[in-house]
Amino acid sequence: MKKILSAVLAATLLFSCKPTQNSKVESTNIDETTVKEVTSLLKEKYGDENSFRIERGVKQAAGLWRSSDGCKDTFKEFCQTQFISSPDELKVVFEKISRNMEIINGNFNLITLGLLEPVHLEIGEQHAIDNVFGSFNPYAHLSEDLYKNKLAFTIALNFPTYSLDEKTKMGANWSRLEWAYARLGDMFTSRVPAALLQDVTTAETNADIYIADYNIFVGELVNDNNEKLFPEGMKLLSHWNLRDEIKSNYADNDKGLEKQRMIYQVMKRIVAQEIPAKVVNSEEYQWNPYSNKTFKDGEEVALEREPDSRYQQIINNFKALKEVDKFSGDMDTYIKRKFDGEMEISQPDVEALFDKYLSSPVVKDVAELIKKRLGRDLEPFDIWYDGFKARSSMDQNMLDQITQKRFPNAAAMEKDLPNILVKLGFTKEKSDYLASKIAVDPARGSGHAWGAQAKGDKAHLRTRIPASGMNYKGYNIAVHEFGHNVEQTISLYDVDHYMLNGVPNTAFTEALAFIFQKRDLFILDMKDDNPEKANLETVDAFWSIYEIMGVGMVDMQVWKWLYANPNATAAELRVATENIAKDVWNKYYAPVFGIQNETILGIYSHMISNPLYLCAYSFGHLIDFQIEQYIADKSFPDEVQRIYKQGRLIPNQWMQQAVGAPVSVDPVLNATAEAVKKIN
Ligand SMILES: [Zn+2]
């Protein structure tokens, strides 16, 4: 490291070219000719065995360089002094960077955790100033600081970055160290001007606010007989609360179906933007969503429709994100950044996987089962059918009593963590080891799991425990979070290189959380005797994946359409979205629902405020099924440790080494086919 720093200093002293000021969208000042020149200089000096690293490293560093970092000559000098040709020295530098990144990440994480304690934990009175400290982000300027001191360029020059395609093809033969080098190479692949990132944040925040305020006062909805079906004052946030209301009405044999149909009409009006603007977030008017007429004091009043605001939010997000494209190297679309970059499964691969699932003949079997249970034909909103939730044979009060007694407070739960792990089959020694790295804190909210970023620090299990002790529902969630903590601990402490710590993406930590959560009764030494429970749970998971994959499909097609029509207006996007939603419906849903041209798959609020996030939901379930099936006849603790200490490989290689196959829909489809047979 000493060598690097002194060379940087020398380089700045030698050349007197003045750095220029940052403009809003500054791009590289290193042209193609300079890149070629530097590349051949280095090749001459270091020979063929380094040519791949030289070519890629110089190109990578050049793409990130700005005139504020120095002129062409400074860049040339930098590459010549900073390129490391000796494998031994490269390893020394790699290890020093790893050590120091662990120190930086670990301490920044401790600052964040500490400042957020008054916000997250039930530890005394909260003051407004707690939120100001809580939103302080120690990482905010880290990346730019590492460009300024040129460490980012040293990393980019010496540790080549690989595309997802290359990681897929070459990665299977890489050593662990080569994988760790590749992960270090992922650190500096784009340098997006802060002003553009700010524009992205602004667009996303505005979309969030739009969604967060989009309430429907269902108490003011009227049917064709001018009757209100919902209680006075009841307001539901679109689309989550509307959806949950549809779900809960399966239990209402009296007015349930009529209420579901009414809410479904509301959803269709929102997607089509035919909803009167003044019924959003207001109970001033009565609204008949069937006729789309509005009333006040018994008189009909004509109101303007919402002016395509829903689609304007998507356009705003698209425009801000598209500006980032040209600063993102090969990841030059938001679609690529989200799939190849973040999930590390390509968009076409995701689409193929979803297509296989949605086209499966099992869909028809489950649909028949639902029809039988409902005693009627399916209606579009039955994509949210909620009747497979198995009634537990356990007495809820008894369960509450057991968990309240065992977990009266956070300290009691923390003390009990080793026993939970022993019950799951971990040795006493391993249980004590893992539990010693996990703290249990009393949460203000429903709780979460917050991992450590450096060895020596603890992961935190945040759980809400009332004065009367933890009830069963709270316990069930806490076991889910504990699964996250165990993953966080194994994938930090037991992974051989810090650069590989973690999991491929969030779906992989969710999978272990689900796996733990399903064993909650087993941990309490209880057994649910409802023989159908497991089968119903399988079919329930199948049907919810069927729904969420459909909306994920719509989300993907909408973004492809946006890139094909970058100048589209909100009105054009509305028409396109409706058509896409209908196409996906007609292809995958109409055959079993027997109804054409429904737009329900366009209602998801995540499409507006969290673009291209929806696909990630499905993966947690697929991975959970694959791992459960694989470990069924093996040692639970041995497999969990073996699988999760692989660290952050790409998803398909992680799965290949975990269960001998890439991410696949087959285990869910097979398990569902079996479950349907047994239920029938
Ligand atoms: Zn979770």
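**Entry 1: α16 against α24**

I began with the crossing of α16 and α24, and I noted it as left-handed. This is a predicted model, so I am reading computed values throughout. Helix α16 covers residues 347-358 and helix α24 covers residues 533-564; their axes come within 10 Å and cross at roughly 140°. That angle makes α16 oblique to α24. I then looked up who touches whom. From α16 I listed Gln 347, Val 350, Glu 351, Phe 354, Asp 355, Tyr 357 and Leu 358. Their partners in α24 include Ala 541, Phe 542, Ile 545, Tyr 546, Met 549 and Gly 550. Further along α24, Met 553, Met 556, Gln 557 and Lys 560 also take part in this contact.

**Entry 2: α17 against α24**

I stayed with α24 and turned to helix α17, residues 362-374. These two pack at an angle of about 110°, with their axes 11 Å apart. So I wrote down α17 as roughly perpendicular to α24. The crossing of α17 and α24 is left-handed. On the α17 side I found Val 362, Val 363, Val 366, Ala 367, Leu 369, Ile 370 and Arg 373. They meet Leu 536, Val 539, Phe 542, Trp 543 and Tyr 546 in α24. I put a mark beside Phe 542 and Tyr 546, since both are listed against α16 and against α17.

**Entry 3: the zinc ion**

Which protein atoms hold the zinc ion as donors? I found NE2 of His 480, NE2 of His 484 and two OE entries for Glu 510, lying 2.1 to 2.7 Å from the ion. Along the chain, the donors follow the spacing H-x3-H-x25-E. The angles among the four donor atoms run from 52 to 147°, and I logged the site as irregular. A tetrahedral label would need all angles to lie between 85 and 135 degrees.

I then placed the two histidines. His 480 and His 484 both sit in helix α21, residues 472-493, four residues apart, or about one turn of the helix. I checked their exposure too: His 480 and His 484 are both buried.

**Entry 4: backbone oddities**

A reminder to myself: most residues other than glycine have a negative phi, and most peptide bonds are trans. With that in mind, I went looking for exceptions.

I found a cis peptide bond between Ser 238 and His 239, with omega about -5°. His 239 is in the loop between β2 (236-237) and α12 (240-248).

Next came Asp 297, which is not a glycine yet has a positive phi of about 50°. I located Asp 297 in the loop between β4 (293-296) and β5 (299-301). Asp 308 also has a positive phi, about 60°, without being a glycine. I located Asp 308 in the loop between β5 and α14 (309-324).

Are these two aspartates buried or exposed? Asp 297 is exposed, at 70% relative accessible area. Asp 308 counts as buried, at 6% relative accessibility.

**Entry 5: helix α10 and its cover**

I looked up α10, residues 176-185, next. Seven of its ten residues are buried, so I noted α10 as largely enclosed by the rest of the structure. The buried residues are Trp 179, Ala 180, Tyr 181, Ala 182, Arg 183, Leu 184 and Gly 185. What covers them includes α5 (87-120), α8 (151-158), α9 (164-171) and α30 (651-659).

Since α8 turned up there, I followed α8 to helix α3, residues 51-64. The axes of α3 and α8 come within 6 Å and cross at roughly 150°. That makes α3 roughly antiparallel to α8. The contact uses Arg 53, Gly 57, Val 58, Gln 60, Ala 61 and Leu 64 of α3, together with Phe 153, Ala 156, Leu 157 and Asn 158 of α8.

I also picked one residue from α5: Arg 99 lies in that helix. Arg 99 is exposed, with a relative accessible area of 55%. Its C-alpha atom is 18 Å from that of Thr 489, which is 390 residues away along the chain.

**Entry 6: Tyr 617**

My last stop was Tyr 617, in helix α28 (residues 614-631). At 38% relative accessibility, Tyr 617 counts as partly exposed. Leaving aside neighbours within four places in sequence, I found Tyr 617 in contact with Ile 548 and His 606. I also noted the C-alpha separation of Tyr 617 and Thr 506: 9.3 Å, with their positions 111 residues apart along the chain.

Note on methods:
Residues are numbered from 1 along each chain as its sequence is written. This is a predicted model: local features need pLDDT of at least 70, side-chain atom pairs count only at pLDDT 80 or more; totals for chains, interfaces and linings use all residues. Side-chain values use heavy atoms; hydrogens and water are left out. Donors are N, O and S atoms within 2.8 Å of the metal (3.2 Å for Na, K and Ca); water is not among the atoms, so sites may look incomplete. Four donors count as tetrahedral if all angles lie between 85 and 135 degrees; four count as square planar and six as octahedral if opposite donors are over 155 degrees apart and all others between 65 and 115; anything else is irregular. Buried means under 20% relative accessible area, exposed over 50%, partly exposed in between (1.4 Å probe, protein chains only). Axes are lines fitted to C-alpha atoms, for helices over the stretch in contact, and angles run from 0 to 180 degrees between N-to-C directions. Angles under 35 degrees count as roughly parallel, over 145 as roughly antiparallel, 65 to 115 as roughly perpendicular and the rest as oblique. A crossing is left-handed if the near helix is turned anticlockwise from the far one by less than a right angle, and right-handed if clockwise. Contact means heavy atoms within 4.5 Å.
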